[in-house]
Amino acid sequence: MRLKDKVALVTGAASGIGKEIARTFVAEGAKVVIADLNAQGAQATAAELGGPAKALGVAMDVTDEAAVDAGMEQTVQTFGKIDILVSNAGIQTIAAVDELELAKWKQMLAIHLDGAFLTTRAALRHMYRQGTGGSIIYMGSVHSKEASMLKAPYVTAKHGLIGLAKVVAKEGAKHGVRANVICPGFVRTPLVDKQIPEQAKEFGISEEDVIKKIMLKDTVDGEFTTTQDVAQAALFFAAFETNALTGQSLVVSHGWFMQ
Ligand code: NAD
């Protein structure tokens with residue numbers, strides 16, 4: 001049990017990668033808050049992961065300052081503290097820059113960057129007061145390092161998370177708070193399933209070709225990364241005990257991006 005008695009809050013944990021991270025953390029002994037815009041999904045996930053003693057579902061829009069602060073407060077009231085934040089909630093939008101609406105650009109930056117900032121600030125205030133350190137993990141992407149066509153706001157936001165993690169790593173060090181970024185390749189979740197037909201339409205190719213010739217083209221083995229792969233990377237960062245591992249980003253992508 002690598003996270004025994006730890007308390008974690010995972011945003012966007014009603015689905016996909018966040019849900020698998022929550023499941024892995026509970027299996028490793030943590031108490032986990034499932035924070036999601038989808039309130040019903042958050043409650044259902046919490047029940048699935050073992051109910052009140054192990055998991056709590058909280059309705060949270062990560063772009064809403066009051067909702068984020070209230071959700072963090074509820075976490076500390078319920079489980080006594082906060083040790084780990086996984087800032088994971090995210091969406092995708094597909095459009096070329098010359099066609100992109102300002103509202104879509106702002107929405108993407110708000111969810112990925114405002115959301116990361118607001119949840120980080122709320123977590124740090126408790127972590128600093130507690131004085132027992134902590135781990136902050138951002139869900140970046142290979143798009144934190146690489147670009148793809150039609151994804152300007154996503155690529156911009158995911159690059160930005162690396163900057164935020166580096167600052168939090170420096171400021172948090174004296175409090176024993178570490179900050180790191182996970183950069184997954186393509187994972188078959190609702191977020192990816194939605195964009196396969198969208199990309200097929202934009203590029204005028206088949207859905208099969210979107211998968212083979214775009215998404216997995218540069219991997220070493222033509223394989224999707226799995227939610228379990230990403231959850232293991234999250235566990236590694238969450239359970240690491242010293243400031244030796246901070247301000248870093250780890251790519252988990254079947255070799256799509258190598259550094
Ligand atoms: P998903 O669609 O399965 O899950 C995303 C979750 O975020 C949903 O439960 C949704 O309700 C929630 N959410 C959306 N907006 C929110 C908001 N404003 N406040 C709170 N919750 C909100 O997607 P996923 O693939 O599991 O993606 C999770 C994260 O992983 C995202 O940040 C995404 O960019 C990143 N990522 C995904 C992939 C991939 O290929 N799937 C690759 C790299 C990075």
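**Exercises: the shell around the ligand**

Sorted by class, 16 nonpolar, ten polar and three charged residues make up the shell around the ligand. Here Ala, Val, Leu, Ile, Met, Phe, Trp, Tyr, Cys and Pro count as nonpolar, Asp, Glu, Lys and Arg as charged, and the others, Gly among them, as polar. Quick note: this is a predicted model, where local features need pLDDT of at least 70, side-chain atom pairs need 80 or more, and totals for chains, interfaces and linings use all residues. Numbering runs from 1 along each chain as its sequence is written, and side-chain values use heavy atoms, with hydrogens and water left out.

**Exercise 1.** Find which residues are closest to the ligand.

*Solution.* Start with the shell: 29 residues surround the ligand, each with a heavy atom within 4 Å of it. Then pick out the closest, which are S15, D36, Y154, V187 and T189.

**Exercise 2.** List polar contacts (N or O atom pairs within 3.5 Å) between side chains and the ligand.

*Solution.* Take the ligand's oxygen atoms to begin with. The S15 side chain puts an N or O atom 2.6 Å from a ligand oxygen, and K158 does so at 3.0 Å. Next, go to nitrogen: a polar side-chain atom of D61 is 3.0 Å from a ligand nitrogen.

Conventions:
Polar contact = N/O pair within 3.5 Å; in protein donor to acceptor, adjacent residues only side chain to side chain.
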